[in-house]
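Visitor: Before we begin, I would like each label in this tour to be justified, with the value set beside the cut-off that earns it.

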Amino acid sequence: MSLSPQTLLIDADDTLWENNIYFERAIARFISFLNHHEFSPNQVREVLNEVERECIVTHGYGLHSFAHALVTTFERLSPVPATPESSGQVREIANTIENHAIEFLSEVPETIEYLSKRHRLILVTKGAMLEQTGKINRSGVKGYFAAIEVVSEKDAKIYAHIADKYDCTHHSTWMIGNSPKSDINPALAAGLHAVFVPHGDTWILEHEELNAAPPNQQLLIVGRFAELREHF
């Protein structure tokens, strides 16, 4: 691969640091709290997944949307009528995620430092503005990025907009992330290269078949973020 400077658009949640594991733990507590006697835990999870899809449309991503999804699922499935007290307990389960410590994935800080000396880095993360900027500030890596973009959704139109905003040439711009749905496939559709960094606990709503790179574009798959030092 060319050693000439590249523009690296880098995802944050579950690419740089753990994120979904905290939601999975909260969901496990919620299912235990609901203690449904007819629906299995997997069936409860299927209902929650569908409710989350509905909530994303009206509430976007983030803790507010997640809490709303938990309460709605509780109200739909609870064998007894939900009360303000029980709904409040469900919201508290969601709130345990807020302001958690940043848990970097293996060798991320040193890899970010290494890459920043050779290439232009732009952080592109999806979610609620205050939540995402809070995590970025707590991470301590903000200074390595030339720019920060917090977006409400990641699609081909957004990537094309970011590429135009920062004068990115398509042949030297890469989107790096763990989500085929939000990071890889839409970036490829926007004419960019992409690097897929799989994560074992990627949110189920981000699962999607990985598209092949179109002609004159590249798709690189690495085992972990630190491997980027071998390619860039």
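**Labels and their grounds**

Guide: Asn216 is exposed, with a relative accessible area of 79%, and please keep in mind from the start that the model is predicted.

Visitor: Why is Asn216 called exposed?

Guide: The label requires a relative accessible area over 50%, and Asn216 has 79%, so it qualifies as exposed. Asn216 belongs to the loop between E5 and E6, and its phi is positive, about 70°, although the residue is not a glycine.

Visitor: What makes Glu107 partly exposed?

Guide: Buried means under 20% and exposed means over 50%, with partly exposed in between; Glu107 has a relative accessible area of 29%, so it is partly exposed. Glu107 is placed in the loop between H4 and H5, and, although not a glycine, it has a positive phi of about 60°.

Visitor: How many aromatic pairs does the structure hold?

Guide: The structure holds five aromatic pairs. One of them is formed by Trp17 and Phe104, and it is edge-to-face.

Visitor: Why is the pair of Trp17 and Phe104 called edge-to-face?

Guide: Ring centres must lie within 6.5 Å to pair, and planes over 60 degrees apart count as edge-to-face; for Trp17 and Phe104 the centres are 6.2 Å apart and the planes meet at 65°, so both conditions are satisfied. Because Trp17 lies in the loop between strand E1 (7-10) and helix H1 (20-34), while Phe104 lies in the loop between helix H4 (84-95) and helix H5 (108-116), the pair ties together parts that are 87 residues apart in sequence.

Visitor: How do you know whether Trp17 and Phe104 are buried or exposed?

Guide: Trp17 has a relative accessible area of 1%, and is therefore buried, whereas Phe104, at 27% relative accessibility, counts as partly exposed.

Visitor: What makes Trp174 and Phe232 an aromatic pair, and of which kind?

Guide: Their ring centres are 5.2 Å apart, against a limit of 6.5 Å, and their planes are at 85°, against the threshold of 60 degrees, so the pair is edge-to-face. Trp174 is in strand E4 (residues 173-177) and Phe232 in the segment after strand E6 (219-221), so that the pair links distant parts of the chain, 58 residues apart. Both rings belong to buried residues, since Trp174 has a relative accessibility of 2% and Phe232 has 5%.

Visitor: How do you know that the charged end of Arg118 sits over the ring of Tyr114?

Guide: The distance part of the criterion asks for CZ of Arg within 6 Å of the ring centre, alongside a limit on direction, and the charged end of Arg118 is 3.7 Å from the centre of the Tyr114 ring. The charged end of Lys126 likewise sits over a ring, that of Tyr61, 4.2 Å from its centre.

Visitor: Why is Glu18 said to have no salt bridge?

Guide: A salt bridge needs a side-chain nitrogen of Lys or Arg within 4 Å of a carboxyl oxygen, and the nearest side chain of opposite charge, Arg25, is 7.4 Å from Glu18, so the criterion is not met, although Glu18 is buried. Glu18, found in the loop between E1 and H1, does make a polar contact of 2.9 Å with the side chain of His199.

Visitor: What makes the link between Glu149 and Lys165 a polar contact?

Guide: The cut-off is 3.5 Å between N or O atoms, and the side chains of Glu149 and Lys165 are joined at 2.7 Å, so the contact falls within the limit. A second polar contact, of 2.5 Å, joins the side chains of Glu149 and Tyr166. Glu149 lies in strand E3 (residues 147-151), and at 10% relative accessibility it counts as buried.

Visitor: What makes helix H8 mostly covered?

Guide: Eight of the ten residues of helix H8 (residues 180-189) are buried, among them Pro180, Asp183 and Leu188. The buried residues of H8 pack against strand E2 (120-126), helix H7 (156-165), E4, strand E5 (193-196) and E6. Just after H8, Gly191 takes a positive phi of about 90°.

Methods:
Residues are numbered from 1 along each chain as its sequence is written. This is a predicted model: local features need pLDDT of at least 70, side-chain atom pairs count only at pLDDT 80 or more; totals for chains, interfaces and linings use all residues. Side-chain values use heavy atoms; hydrogens and water are left out. Rings of Phe, Tyr and Trp (its six-membered ring) pair if their centres lie within 6.5 Å; planes under 30 degrees apart count as stacked, over 60 as edge-to-face and the rest as tilted. Helices (H or I, at least four residues) and strands (E, at least two) are DSSP runs, numbered from the N terminus. Buried means under 20% relative accessible area, exposed over 50%, partly exposed in between (1.4 Å probe, protein chains only). A charge sits over a ring if NZ of Lys or CZ of Arg is within 6 Å of the ring centre and within 35 degrees of the ring normal. Contact means heavy atoms within 4.5 Å. Lys and Arg count as positive and Asp and Glu as negative; His and the chain ends are not counted. A polar contact is a pair of N or O atoms within 3.5 Å; within protein, one must be able to donate a hydrogen and the other to accept it, and residues adjacent in sequence count only if both atoms are side-chain atoms.
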